[in-house]
Amino acid sequence: MAGILLVEDDPSVRTALELALTRQGHSVTSYATGEEALDHIRARRPEIAILDVMLPGIDGIEVCRRVRKLDQLPVILLTARGDDLDVVVGLEAGADDYVVKPVEPRVLDARIRAILRRAESAASDRITFGDLVVDRGALKVSLAGKEIHLTPTELRLLLELIRHPGQVLNRRYLLREVWDHTHIADSRLVDACVQRVRAKIEPKPGEPVFIHTVRGFGYRFSPP
């Protein structure tokens, strides 16, 4: 059972999702505004937040952006079908995943469980690549002795790349292994997450030394 924060301004959608997720065994707290969501997160941190993009006042993307400044709380965005701009901006803001509307509760539940599995699945070993140190048991990453804070999805992506040093991993493979997705159209999840990881672990994100792009194929972890 997960402690879920659900933020959706449409009362009928909010009620339907809350009931459906509760039936799946989750504990759901729901709100209609981003302001209420931020107050709740500060007072009682949930295990995962599900944010509608289009909220009155502070929208879901801005809520995600503010959360990311202080916390690595997993975030799923609910977005209008075909609204690519919202998806891209949301992923760049730090969202772990997205689900398009109308939302199928079973799909949303599967995405929730996949993210929570990513947060829990870590082997107990420590890996060092020069100044980059990944402690999979403690779920900690440091660069030149400074701790780097990664979301569960970002950490899972980094661990998957590290498991195959020097090998090119295509986006379809990474979608399957990191997000449990099979639809290649979701490949922007991979690209956005790689950008966020680079921004955190690369000395110069524009000139990566750890995660390299192989155009037309995917990404390769090749530490110096």
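1. The three strands E10, E12 and E11 form an open sheet in that order, with antiparallel pairing; helices (H or I, at least four residues) and strands (E, at least two) are DSSP runs numbered from the N terminus, and two strands pair if DSSP finds at least two bridges between them. The edge strands are E10 and E11, each of which pairs on one side only. From one strand to the next the twist averages 35°, where axes are lines fitted to C-alpha atoms, for helices over the stretch in contact, and angles run from 0 to 180 degrees between N-to-C directions.

2. A word on the basis of these remarks: this is a predicted model, in which local features need pLDDT of at least 70 and side-chain atom pairs count only at pLDDT 80 or more, while totals for chains, interfaces and linings use all residues. Residues are numbered from 1 along each chain as its sequence is written, and side-chain values use heavy atoms, with hydrogens and water left out.

3. Within the E10-E12-E11 sheet, strand E10 (residues 168–170) is joined to strand E12 (residues 218–221) by 3 bridges, the two running antiparallel, and Leu169 has Tyr219 as its bridge partner in E12. Strand E11 (residues 211–214) is joined to E12 by 4 bridges, again in the antiparallel sense, with Val214 partnered by Gly218 of E12. E11 and E12 form a hairpin with 3 residues between them, and Gly216 in the turn has a positive phi of about 85°.

4. Two helices should be considered together with this sheet. H6 lies across E10, E11 and E12 and runs at about 70° to E12, whereas H8 packs on the sheet by touching E11 and E12, its direction making about 145° with that of E11; contact here means heavy atoms within 4.5 Å.

5. The second sheet is an open one of 4 strands in the order E6-E7-E8-E9, with antiparallel pairing. Its edge strands are E6 (126–129) and E9 (146–148), each pairing on one side only, and neighbouring strands are turned by 25° against each other on average, direction ignored. E6 and strand E7 (residues 132–135) pair in the antiparallel sense over 4 bridges, and Thr128 stands opposite Val133 in E7. H6 appears here as well, lying across E6, E7 and strand E8 (140–143) and running at about 110° to E7.

6. How do H6 and H8 pack? The axes of helix H6 (residues 152–162) and helix H8 (residues 187–201) come within 10 Å and cross at roughly 85°, which makes H6 roughly perpendicular to H8; angles under 35 degrees count as roughly parallel, over 145 as roughly antiparallel, 65 to 115 as roughly perpendicular and the rest as oblique. On the H6 side Thr153, Glu154, Leu157 and Leu158 meet Cys193, Val194, Arg196, Val197, Lys200 and Ile201 of H8. The residues of this contact divide into 6 nonpolar, 1 polar and 3 charged, the classes being Ala, Val, Leu, Ile, Met, Phe, Trp, Tyr, Cys and Pro as nonpolar, Asp, Glu, Lys and Arg as charged, and the others, Gly among them, as polar.

7. H6 also packs with helix H7 (residues 171–179), their axes coming within 10 Å and crossing at roughly 125°, and H6 and H7 are therefore oblique to each other. The crossing is right-handed; a crossing is left-handed if the near helix is turned anticlockwise from the far one by less than a right angle, and right-handed if clockwise. Thr153, Arg156, Leu157, Glu160 and Leu161 of H6 make the contact with Tyr173, Leu174, Glu177, Val178 and Trp179 of H7, and by class this contact has 6 nonpolar, 1 polar and 3 charged residues.

8. Earlier in the chain, helix H2 (residues 34–43) and helix H3 (residues 60–70) pack at an angle of about 20° with their axes 10 Å apart, which makes H2 roughly parallel to H3. The crossing of these two helices, H2 and H3, is right-handed. Gly34, Leu38 and Ile41 in H2 meet Val63, Arg66 and Val67 in H3, and the residues of the contact are 4 nonpolar, 1 polar and 1 charged.

9. A last point concerns Arg117, which has its place in helix H5 (residues 105–120). Arg117 is partly exposed, with a relative accessible area of 45%, where buried means under 20%, exposed over 50% and partly exposed in between (1.4 Å probe, protein chains only). Arg117 and Arg156 are 39 residues apart in sequence and 10.0 Å apart in space, C-alpha to C-alpha.
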